[in-house]
Every structure is written in structure tokens, then in C-alpha cells.
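This briefing walks through one protein chain for a reader at the bench, beginning with a single position and its surroundings and then widening to the chain as a whole. Please keep the sequence and the structure in view while reading.

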Amino acid sequence: MDWRLEVVVVPVADVDRAKHFYAEQVGFAVDTDTRIGEQARVVQLTPPGSACSIIIGTGMSESQPGSMQGLQLVVDDIDAARAALVAGGVEVGPVQHFDDGVRAEGKGGDWNSFVFFSDPDGNGWAVQERPAAG
């Protein structure tokens, strides 16, 4: 039996602002934007190439906006990913790696090159570079 993580609920304060950020600035595809009655709205967005989506909306979660930390995306080229985020107007840090558990500037070895950014509510994301296929 397969167990697949396919959706993560990300708590946000302003659904339209978050939808704009994830779709227009980060580049996620908008899969659906549906109202379920007057109190609930579900917006599902998927990162390019991902089998897992995020959901933002109202009536979705009791978690506080900005409380999700450590969400992680994996890319083939960290420099290109950072450039795309910058081009989208996302405030993103420099490329960093971990040296004995501490963030250091520049690329690291395999699986050890990252950039970090937050959405407008403070939900924290990491983007990690995977090693080149050999």
C-alpha cells in the first residue's frame, strides 16, 4: 500500500493576497478556487512538477496564519530557482548551506544548497537543490 502526501494546508490571513503570492510571484498553478457555502473557500495550488499541492482558504484549519515552518521544495538548480523567485518579487535570501548545523553563505555539497523565503503571513519555505543525476 502506498501512502502519498498530496495536500498540505497552509494557514493564511488573506486568501486573495496569498493566492496572488503563490500563483503570480512563486509560480504555483491554481488548481481550484471554490467556495463551499458562505464560510469556506478552498484554493488549491501546485508547484510546477510536484505531486503534492497546498491548500489555502477559509474554514480550512485552526492553525494560525504564519505558523507553518519548514515547508520544503526541491529543485534541480538552486541558482535558477532563486532567480525565478527574485523575478517574481519574492523576498528570498541568498544561496546558503549548512556547516555543522549553522547556515553559511554559498552552495554546499550534495543536498546542501538552499534558499529560504516566507509568504506574506510568515509561513516559512526552504528550497533545496538535489544533486545532478549521474
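Once neighbours within four places in sequence are set aside, Gly106 is in contact with Val95, Gln96 and His97. The model is a predicted one, and every value below is computed from it. Gly106 belongs to the loop that runs between strand S7 (102–105) and S8, and the points that follow begin with this loop before turning to other parts of the chain.

**Gly106 and its surroundings**

- Gly106 counts as partly exposed because its relative accessibility is 27%, a value that falls between the 20% limit for buried and the 50% limit for exposed residues.
- Although Gly106 and Val95 are 11 residues apart in sequence, their C-alpha atoms are 5.2 Å apart in space, and Val95 is also one of the residues that Gly106 contacts.

**Two loop residues with positive phi**

- Most residues other than glycine have a negative phi, and the two residues in this group are therefore worth reading against that background.
- Asp100, which is not a glycine, has a positive phi of about 55°; Asp100 is placed in the loop between strand S6 (96–99) and S7, and with a relative accessibility of 78% this residue counts as exposed.
- Trp111, likewise not a glycine, has a positive phi of about 60°; Trp111 is found in the loop between S7 and S8, where its relative accessible area of 43% makes it partly exposed.

**Leu71 in strand S5**

- Leu71 is a residue of strand S5, and its relative accessible area of 11% is under the 20% cut-off, so Leu71 is buried.
- Apart from neighbours within four places in sequence, Leu71 is in contact with Val8, Val10, Gly124, Trp125 and Ala126.
- Asp2 stands 69 residues from Leu71 along the chain, and the C-alpha atoms of these two residues are separated by 22 Å.

**Helix H2 and what it packs against**

- Which residues of helix H2 (residues 78–87) are buried? They are Ile78, Ala81 and Leu85.
- Viewed down the axis of H2, these buried residues fall within an arc of 65°, so they line one face of the helix.
- The buried residues of H2 pack against helix H1 (15–26) and against three strands, namely S5 (71–75), S8 (114–118) and S9 (124–129).

**The chain as a whole**

- The protein chain holds two helices and nine strands, and read along the sequence these elements follow the pattern β-α-β-β-β-β-α-β-β-β-β.
- What radius of gyration does the protein chain have, and what would a compact globule of 134 residues have? The chain has 16 Å, which agrees with the value near 14 Å for such a globule.
- Along its principal axes, the C-alpha trace of the protein chain spans about 50 × 40 × 25 Å.
- Of the contacts in the protein chain with a separation of 6 or more, 52% are accounted for by residues 24 or more positions apart.

**Burial, surface and charge**

- Buried residues make up 39% of the 134 residues in the protein chain, with Leu71 among them.
- The area exposed by the protein chain is about 7,800 Å², of which carbon and sulfur atoms supply 49%.
- The protein chain carries 9 positive and 20 negative charges, and the mean positions of these two sets are 3 Å apart.

How values were computed: Residues numbered from 1 in each chain as written. Predicted model: local features only at pLDDT ≥ 70, side-chain atom pairs only at ≥ 80, totals over all residues. Heavy atoms only, no water. Helix = DSSP H or I, 4+ residues; strand = E, 2+ residues; numbered from the N terminus. Rg over C-alpha atoms; globule rule 2.2 N^0.38 Å. Buried < 20%, exposed > 50% of the residue type's maximum accessible area, 1.4 Å probe, protein only. Contact = heavy atoms within 4.5 Å. Areas by Shrake-Rupley, 256 points an atom, 1.4 Å probe, with all protein chains shown as cover. Lys, Arg positive; Asp, Glu negative; His and termini not counted. Charge placed at Lys NZ, Arg CZ, Asp CG, Glu CD. Arc of directions from axis to C-beta.
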